Amino acid sequence: MKFLVIGGTGRIGSKVVDRLRAAGHEIVIAAPSTGIDIISGEGLDAAMAGTQVVIDLANSPSFEDTAVLAFFQTAGRNILAAEAKAGVQHHVALSVVGTDKLAASGYFRGKIAQEALIREAGIAYTIIHSTQFFEFLPGIIQSAGDALRLPTALVQPISADDVAEAVARVAQQPAVNGVVEIAGPERAPMDELAQRFLDRTHDPRRVVGDAQAPYFGAQLQPDTLVPTGSAWLGRQGFDAWLQQSGLVQAH
């Protein structure tokens, strides 16, 4: 089969490409560096020719509210229009668990708009809702400011390797015309996991748990960021991920 992987040079995309190539598929990588621009549309039609499955892993380069919304709307319309012309059979998009509950966040309003375009396009699709990646933990801690005040809501982080495994698997299966949820094997309050990360990386700072603390501008309920039903679970837990991450230095 021929796959077009949008964002195929990124953290998840490069791992997905490796897995699909190992399975014997033909891969086209869509990124500005390969001459395919999902915002201007340059190169999209040519890249789509003969493609059966499109995997959209692109993310907005800016987290500013207006820019995020414009990115996901423009990219979504361009990608889906090119797919319709080419007769693509399956559109796979990576999104976030809890997106529909996070409209107070500008970033998630962009993701909500992206998902709406996919549902309305008339092309068979699978939206993968993933929990936060372990790799985002340092950024989440950074977003908490000097007070290190973080929500006490539950998280169930997943490793980038497990995300790529799930995306490659879903992309090789028939479209579900709905959402598939994926998560890591362990569930814990966000503030506790962040403190665990700081302790293991020999960072002396202390996290303050606050149920009212915002998460990228949105108020969280205890279960906003974790799967509500059955989910595909990755194999790599926090300790295994941290061990291979290179973030723990010997002291």
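Visitor: Which residues form one aromatic cluster here?

Guide: Phe63, Phe71, Phe72, Tyr107, Phe108, Tyr215 and Phe216 do. Keep in mind that this is a predicted model.

Visitor: What makes phenylalanine 71 and phenylalanine 72 an aromatic pair?

Guide: Ring centres have to lie within 6.5 Å. These two are 5.3 Å apart, centre to centre, so they count as a pair. The structure holds 11 aromatic pairs, and this is one of them.

Visitor: And why is that pair called edge-to-face?

Guide: Look at the planes: there are 80° between them. Anything over 60 degrees counts as edge-to-face, so the name fits. Phenylalanine 71 and phenylalanine 72 are both buried, too.

Visitor: Let's turn to the helices. How do helix 7 and helix 8 pack?

Guide: Helix 7 (residues 190-200) and helix 8 (residues 238-245) meet at an angle of about 40°, with their axes 12 Å apart. Their crossing is right-handed. Helix 7 brings Leu193, Arg196, Phe197 and Arg200 to the contact, while helix 8 brings Phe238, Asp239, Trp241, Leu242 and Gln243.

Visitor: What classes of residue does that contact have?

Guide: There are 5 nonpolar, 1 polar and 3 charged residues. Gln243 is in the contact, and glutamine is not on the nonpolar or charged lists, so Gln243 counts as polar.

Visitor: How do you know that strand 3 and strand 4 pair?

Guide: Pairing takes at least two bridges, and these strands have 4, so they qualify. They run in the parallel sense, and valine 54 stands opposite histidine 91 in strand 4.

Terms used: Residues are numbered from 1 along each chain as its sequence is written. This is a predicted model: local features need pLDDT of at least 70, side-chain atom pairs count only at pLDDT 80 or more; totals for chains, interfaces and linings use all residues. Side-chain values use heavy atoms; hydrogens and water are left out. Rings of Phe, Tyr and Trp (its six-membered ring) pair if their centres lie within 6.5 Å; planes under 30 degrees apart count as stacked, over 60 as edge-to-face and the rest as tilted. Buried means under 20% relative accessible area, exposed over 50%, partly exposed in between (1.4 Å probe, protein chains only). Axes are lines fitted to C-alpha atoms, for helices over the stretch in contact, and angles run from 0 to 180 degrees between N-to-C directions. A crossing is left-handed if the near helix is turned anticlockwise from the far one by less than a right angle, and right-handed if clockwise. Contact means heavy atoms within 4.5 Å.
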